[in-house]
Amino acid sequence: MVNLETCPLFSQLRPEELERLRAAAQEKTFAGDQEIFKEGDRGDGVYVVKSGQVQISGLVGKDVRHVFSTVKPNEIFGEMAVLEGKPRSASAAALGSTSVYFIPRDEMLKLLAASPSLALSLLQEISARLREFNRQYIEEVLQTERLALVGRFARSIVHDLKNPLNIISLTAEMAGMDKSTPELRRLARGRIAKQVERISDMVNEILEFTQGSQTAFVPAPIDYDVFVQQLINEIRPEIDLKSATIELENAPPSTKLLLNPKRLKRVFYNLIHNATDAMPNGGKITLRFQHLQNDVITEIEDSGTGIAPEIAGRLFDAFATYGKSHGTGLGLSICKKIVEDHHGHIAARNEPGRGAVFYFSLPVYQ
């Protein structure tokens, strides 16, 4: 239980001003959850909590009510509408049995006009409250963004894991059939092991990207034609599952490139799966190669609808995505990072009357 003179806002008032304040103040009592005022009400006065607590809240959106603050004994509320002369922008409700002092607007304005120290104290109180509101708002925005990022990463991982998990499931089912031969089981074990390794590589790649760390990049001279043929053989079963086909327009060049095969595979997998996503009813993926003096260019073209203009300028930016319910915008960012780690370059274009073409260059091993 507090008196008006113990409220920090009024502690500097002269005795005659305090007496005038006591004469103007009205004591009001509210039961738990009882509304004191609501948004849109006329700003008819300022309140000081005598006992209990008051919750200040407002509507955010159509039906969501957000709590801005809790006002305790000796603290004021409702001062903004009094100063501005505008309708209330928030609601106030008692938390449990609560008593307040109500000071009408006209009396409060007269006190402010007569006491510069009271006006300064009120200005400081408003400033502190706005700072606290701003701090809470920033924390809530950051927390919301953190949760959104966690959701994006979770969707990204789940989406990327679906393809290898489908391969593992189908392979295990075939290997477990009564008519399965020892040779088929041996092939199944190899395929499952390869998909488990791929899952591990994908998760590590995403963790590396999101944590901003840089693992040791150790390339080695690799025959590019052998690398590409093996990769196509590995990925073809997944393409078949999506009613799509993949073909080489020309043979990959028989030349050595400095590659980290595990990481470069990720580029092919991301681009090819993006192509299948762009062709939900099936289609054709075409790979073509160009051997220049110092570089090898690889193109991956799909028969989809092409790159949407809304995303064309931000394709390789982190978190830029468009038109994919499961898209996070991480896949192409990871591709860009891997290609640049190989001292190459990646880009994309639309082919008139055809689909999208993603192409990247890799330097020839000297």
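How much of the chain do buried residues make up? In this predicted model, the share is 40% of the 366 residues. Let's walk through the fold, beginning with the overall picture and then zooming in.

**The big picture**

The chain's secondary structure comes to eight helices and 13 strands. If you take the contacts with a separation of 6 or more, 74% of them join residues that sit 24 or more positions apart.

**Two residues in strand β6**

Strand β6 covers residues 91–104, and T98 is found there. V100 has its place in β6 too. Are these residues buried or exposed? T98 is buried, with a relative accessible area of 0%. V100 is also buried, and its relative accessible area is 0%. Since buried means under 20%, a value of 0% puts a residue in that class.

Who does T98 touch? Leaving aside neighbours within four places in sequence, T98 is in contact with K28, T29, F30, S51, G52, Q53 and V54. One of these partners, Q53, offers its backbone oxygen, which the side chain of T98 reaches at 3.1 Å.

V100 has its own list of partners. With neighbours within four places set aside again, V100 is in contact with Q26, E27, K28, F30, Y47, V48, V49, K50, V54 and F77. Take Q26 as an example: Q26 and V100 are 74 residues apart along the chain, but their C-alpha atoms are separated by 8.2 Å.

**Helix α3 and its two faces**

Now for helix α3, which runs over residues 105–114. Which of its residues are buried? They include M108, L111 and L112. Looking down the axis of α3, you'd find its buried residues within an arc of 100°, so they line one face of the helix. Here's a handy bit of background: an α-helix has 3.6 residues a turn, so residues three or four places apart point the same way. On the face of α3 turned away from the buried side, you'll find the exposed residues D106 and A113.

**How helices pack**

Three helix pairs are worth a look, and the table gives their geometry.

| Helix pair | Axis separation | Angle |
|---|---|---|
| α1 (residues 15–24) and α3 | 11 Å | about 170° |
| α6 (residues 224–241) and α7 (residues 261–277) | within 11 Å | roughly 45° |
| α7 and α8 (residues 331–341) | within 9 Å | roughly 145° |

Start with α1 and α3, which pack at an angle of about 170°. That angle makes α1 roughly antiparallel to α3, because angles over 145 degrees count that way. In this pair, E17, R20, L21 and A24 of α1 meet E107, K110, L111 and A114 of α3. Notice L111 again: it is buried and it is part of this meeting with α1.

Next come α6 and α7, whose axes cross at roughly 45°. That makes α6 oblique to α7. Their crossing is right-handed. On the α6 side, the contact is made by Y224, F227, V228, L231, E234, I235, E238 and I239. On the α7 side, P261, L264, K265, F268, Y269, I272, H273 and T276 take part.

Helix α7 also pairs with α8, and here the crossing is left-handed. From α7, the contact uses R263, L264, R266, V267, N270, L271 and N274. From α8, it uses G331, L332, I334, C335, K337, I338, V339 and D341. Spot L264 of α7: it belongs to the contact with α6 and to the contact with α8.

Notes:
Residues numbered from 1 in each chain as written. Predicted model: local features only at pLDDT ≥ 70, side-chain atom pairs only at ≥ 80, totals over all residues. Heavy atoms only, no water. Helix = DSSP H or I, 4+ residues; strand = E, 2+ residues; numbered from the N terminus. Buried < 20%, exposed > 50% of the residue type's maximum accessible area, 1.4 Å probe, protein only. Polar contact = N/O pair within 3.5 Å; in protein donor to acceptor, adjacent residues only side chain to side chain. Contact = heavy atoms within 4.5 Å. Arc of directions from axis to C-beta. Axes fitted to C-alpha atoms, helices over the stretch in contact; angles between N-to-C directions. Parallel < 35°, antiparallel > 145°, perpendicular 65-115°, else oblique. Left-handed = near helix turned anticlockwise from the far one by under 90°.
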